[in-house]
Amino acid sequence: MTQGFDTTAIHAGTAPDPATGARQVPIYQTTSYVFKDTDHAARLFGLQEVGYIYSRLTNPTVGALQNRVAALEGGAGAVCCSSGHAAQLMALFPLMAPGRNIIASTRLYGGTVTQFSHTIRRFGWQAKFVDFDDLDALRGAIDGDTRAVFCESISNPGGYVTDIPAVADITKAAGVPLIVDNTLATPYLCRPIEMGATLVVHSLTKYMTGNGTVTGGAVVDSGTFDWSASGKFPSLSDPEPAYHGLRFHETFGPAAFTFHSIAIGLRDLGMTMNPQGAHYTLMGIETLGLRMARHVDNAQKVAEWLENDPRVTAVTYAGLASSPWNATARRLYPKGAGALFTFSVKGGYDAAVKLVGALKLFSHVANLGDARSLVIHSASTTHRQLTEDQQRAAGAAPDLLRLSIGIEDPADLIADLDQALATAVA
Ligand SMILES: *Cc1c(COP(=O)(O)O)cnc(C)c1O
């Protein structure tokens with residue numbers, strides 16, 4: 001990224017449309033593209049020439065978004081997918097095989113915990129969960145079958161921050177790729193590749209689009225991992241039987257992972273992003289820098305207000321001086337610790353449920369990273385099936401609420417919390 005962040009967010013990956021001069025990226029709402037002749041078609045299908053065949057693989061609108069996300073993250077390439085969860089599977093797919101495992105942080109988005117602890121087992125993959133603040137435990141968990149290490153830069157639901165450079169030192173020494181979910185930070189607050197990450201995954205559904213209109217995901221490749229060095233990543237280093245013996249790493253170098261993700265991943269798994277969604281996300285990213293600055297500013301104000309309120313027993317925001325993660329946040333996330341955190345209210349489960357019902361500006365939804373402020377009471381929703389002990393262990397205690405702070409006027413958010421606390425904590 002030679003230009004500034006905001007310039008890159010507006011310009012990267014796009015140019016006036018070659019056919020019409022359209023300044024904004026057109027929505028190429030087409031499934032297929034006419035071949036110039038049969039030779040051209042054969043070259044495209046053989047990957048001897050790069051071009052458009054079919055929109056499950058490539059589409060100009062989605063391609064513009066891929067280039068913009070790659071530029072913002074400082075990656076060699078990116079591939080967009082139908083959701084953040086699809087992006088996680090797309091990131092793991094070229095690396096994994098039956099019997100292989102990933103080491104995942106215990107502090108992850110709940111849906112990711114479910115995906116890793118249950119669903120991927122059906123592919124014969126396994127996840128081992130480790131506290132990434134315990135670097136010795138992380139080092140010790142990596143074994144001969146480990147093919148990736150996975151964490152979130154800023155993690156859901158507590159807004160805790162990960163010391164990515166320290167984690168990357170360990171994965172580098174072990175010769176294993178580090179995958180960082182950068183959804184909550186966005187490249188505005190954190191650029192994991194500069195800190196040593198191999199791959200970055202995103203739920204574009206959240207801050208990147210920024211207004212709760214699109215479900216999408218992305219995998220960004222740093223282009224720096226040597227897929228051929230260890231023999232552990234045959235999908236990228238060895239002849240690919242479903243591509244007449246093509247070796248992706250040898251042929252495409254730093255673009256190998258991205259080419260594989262399109263030519264094999266999207267072709268055969270089909271978790272493709274649609275051009276309309278890509279268009280909305282491109283427009284959202286244009287204001288990412290403006291929005292994130294406001295999100296973190298508001299979050300800091302709301303968290304400080306909550307912490308000083310006697311009706312509140314705890315606030316997890318890493319931007320607070322009282323947080324055990326504050327020093328790491330200030331060192332590695334100098335522009336702010338995100339805009340998602342939890343707080344606990346006096347009066348337990350009953351007060352927490354009453355508070356959610358009394359809030360007027362905050363919407364009770366299972367989403368985050370919207371322009372609107374959002375709240376969820378995990379114990380009565382996403383973590384409802386767990387025992388109280390399990391809820392506490394998962395960071396979803398009965399008295400705890402998760403806030404996603406939007407970009408409204410902060411005084412209005414505080415006033416809403418104030419009146420709802422008055423109703424909930426009598
Ligand atoms: C929402 C979210 C996901 C999943 O993304 P979807 O677009 O909902 O599939 C993954 N990781 C984090 C941190 C998230 O917040």
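Trainee: Which of the residues around the ligand come nearest?

Mentor: Of the 14 residues around the ligand, G84, D181, S203, T205 and K206 come nearest. Keep in mind that this is a predicted model.

Trainee: What makes the pairing of G84 with the ligand a polar contact?

Mentor: A backbone N or O atom of G84 lies 2.8 Å from an oxygen atom of the ligand. The cut-off for a pair of N or O atoms is 3.5 Å, so the G84 pair qualifies. H85 passes too: one of its polar backbone atoms is 2.9 Å from a ligand oxygen.

Trainee: And how do you know that D181 makes a polar contact with the ligand?

Mentor: Same kind of check. An N or O atom in the D181 side chain sits 2.6 Å from a nitrogen atom of the ligand, and the limit is 3.5 Å, so D181 counts as well. As for cover, the ligand has 380 Å² of accessible area on its own, and the protein covers 92% of that.

Trainee: Which helix gives the most to the shell around the ligand?

Mentor: That's helix α4, residues 84–92, with three residues. Sorted by class, the shell holds eight polar, three nonpolar and three charged residues.

Trainee: Let's move to A351. Why is A351 called buried?

Mentor: Its relative accessibility is 4%. Buried means under 20%, so A351 counts as buried.

Trainee: Where is A351 found, and what does A351 touch?

Mentor: A351 belongs to helix α15, which runs over residues 348–358. Leaving aside residues up to four places away in sequence, A351 touches V345, K346 and A424. For L400, which is 49 residues from A351 along the chain, the C-alpha to C-alpha separation is 9.7 Å.

Trainee: Now the whole chain. How do you know that its radius of gyration agrees with a compact globule?

Mentor: Because a compact globule of 426 residues would have a radius of gyration near 22 Å, and the protein chain has 22 Å, the two agree. Along its principal axes, the C-alpha trace spans about 75 × 55 × 40 Å.

Trainee: How many helices and strands does the protein chain have?

Mentor: The secondary structure comes to 17 helices and 14 strands.

Trainee: What share of the residues is buried?

Mentor: Buried residues make up 56% of the 426 in the protein chain. The chain exposes about 17300 Å², with carbon and sulfur atoms supplying 53% of that.

Trainee: And what share of contacts joins residues at least 24 apart in sequence?

Mentor: Counting contacts between residues at least 6 apart, 71% join residues at least 24 apart.

Definitions and conventions. Residues are numbered from 1 along each chain as its sequence is written. This is a predicted model: local features need pLDDT of at least 70, side-chain atom pairs count only at pLDDT 80 or more; totals for chains, interfaces and linings use all residues. Side-chain values use heavy atoms; hydrogens and water are left out. Helices (H or I, at least four residues) and strands (E, at least two) are DSSP runs, numbered from the N terminus. Buried means under 20% relative accessible area, exposed over 50%, partly exposed in between (1.4 Å probe, protein chains only). Contact means heavy atoms within 4.5 Å. A residue is near a molecule or strand if one of its heavy atoms lies within 4 Å of it. A polar contact is a pair of N or O atoms within 3.5 Å; within protein, one must be able to donate a hydrogen and the other to accept it, and residues adjacent in sequence count only if both atoms are side-chain atoms. Accessible areas come from the Shrake-Rupley method with a 1.4 Å probe; for residues, only the protein chains shown count as cover. Ala, Val, Leu, Ile, Met, Phe, Trp, Tyr, Cys and Pro count as nonpolar, Asp, Glu, Lys and Arg as charged, and the others, Gly among them, as polar. The radius of gyration is taken over C-alpha atoms; the globule rule is 2.2 Å times the number of residues to the power 0.38.
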